Amino acid sequence: MVALNINGRAVELNADPKMPLLWAIRDFVGLTGTKYGCGRALCGACTVHLDGDAARSCSIMVSDAVGRKITTIEGVSGTVADAVKAAWQRLDVVQCGYCQSGQIMSAITLLTGNKKPSDEDIDLGMEGNVCRCGAYQRIRAAIHEAAQNL
Ligand code: FES
Ligand code: FES
């Protein structure tokens, strides 16, 4: 058994401790907002927060998440998260949507550490999150808009 804390809830999973955290989140807990893209920490689709920081859940073993606060797109909340979600909706950022939970989780981490990021700060903070639809301009604009409301 592996004990995890996901979105403030204690869960016990009958899972291999070496299994990627992403599988635990999606297949064991049933939270499917976090996506699988590359499985190699290259695309950002699987981004969650570990103790508040963006992390690639495809490349973290379940055992390494024990004792840490895991937050997924379904459970993320607070002032920054609210500002990001509102800006995403207002600017209609999403195209196919596949990358977007990861984009939002990374944007929240970026804005939590830097309330007024420049374009360069955004490009740097978001560079690990790939969008196959090329929504980068809207993602950047939404981060600026969210920053104005913080
Ligand atoms: S699926 Fe984890 S970074 Fe691509
Ligand atoms: S919105 Fe389609 S991959 Fe980003």
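This is a tour of a predicted model, with a selection to make at each stop.

**Whole chain**

Start with the whole chain in cartoon view. Its secondary structure consists of five helices and five strands. Reading from the N terminus, the order of elements is β-β-α-β-β-β-α-α-α-α. The radius of gyration is 15 Å, close to the 15 Å that the globule rule gives for 150 residues, so the chain is as compact as a globular protein of that length. Turn the model along its principal axes: the C-alpha trace spans about 45 × 30 × 20 Å.

Now show the surface. The chain exposes about 7500 Å², and carbon and sulfur atoms supply 49% of that area. Of the 150 residues, 43% are buried. Take the contacts between residues at least 6 apart in sequence: 60% of these join residues at least 24 apart.

Next, colour the charged residues. There are 15 positive and 15 negative charges in the chain, and the mean positions of the two sets lie 3 Å apart.

**Strand S3 and its partners**

Select residues 47-50, which form strand S3. In a regular strand the side chains alternate between the two faces of the sheet. Are the faces of S3 covered or open? Both are covered. Thr-47 and His-49 lie on one side, Val-48 and Leu-50 on the other, and all four are buried.

Add residues 53-56, strand S4. S3 and S4 run antiparallel and are joined by four bridges. One pair to pick out is Leu-50 with its bridge partner Asp-53 in S4. The hairpin of S3 and S4 has two residues between the strands. Click on Asp-51 in this hairpin: its phi is positive, near 50 degrees.

Then add residues 69-71, strand S5. S5 also runs antiparallel to S3, with two bridges between them. Which residue of S5 stands opposite His-49? It is Thr-71. His-49 is thus a residue to keep on display, as it is also one of the buried residues of S3.

**The loop before S3**

Move to the loop between helix H1 (21-28) and S3, and select Cys-38. Cys-38 is partly exposed, since its relative accessible area is 24% and buried means under 20%. For a distance across the model, join the C-alpha atoms of Cys-38 and Asp-123: they are separated by 20 Å, and the two residues are 85 apart along the chain.

Ala-41 is in the loop between H1 and S3 too. Ala-41 has a phi near 60 degrees, which is a positive value in a residue other than glycine. With 38% relative accessibility, Ala-41 counts as partly exposed.

**The loop between H2 and H3**

For the last stop, find the loop between helix H2 (79-90) and helix H3 (100-113), and select Asp-92. Asp-92 is not a glycine, yet its phi is positive, at about 55 degrees. Is Asp-92 buried or exposed? Its relative accessibility is 55%, so Asp-92 counts as exposed, the cut-off for exposed being over 50%.

Cys-96 is in the loop between H2 and H3 as well. Cys-96 counts as exposed at 52% relative accessibility. Finally, select Arg-132 together with Cys-96. These residues are 36 apart along the chain, and their C-alpha atoms are separated by 8.8 Å.

How values were computed:
Residues numbered from 1 in each chain as written. Chains lettered and ligands numbered in written order. Predicted model: local features only at pLDDT ≥ 70, side-chain atom pairs only at ≥ 80, totals over all residues. Heavy atoms only, no water. Rg over C-alpha atoms; globule rule 2.2 N^0.38 Å. Buried < 20%, exposed > 50% of the residue type's maximum accessible area, 1.4 Å probe, protein only. Contact = heavy atoms within 4.5 Å. Areas by Shrake-Rupley, 256 points an atom, 1.4 Å probe, with all protein chains shown as cover. Lys, Arg positive; Asp, Glu negative; His and termini not counted. Charge placed at Lys NZ, Arg CZ, Asp CG, Glu CD. Pairing = 2+ DSSP bridges.
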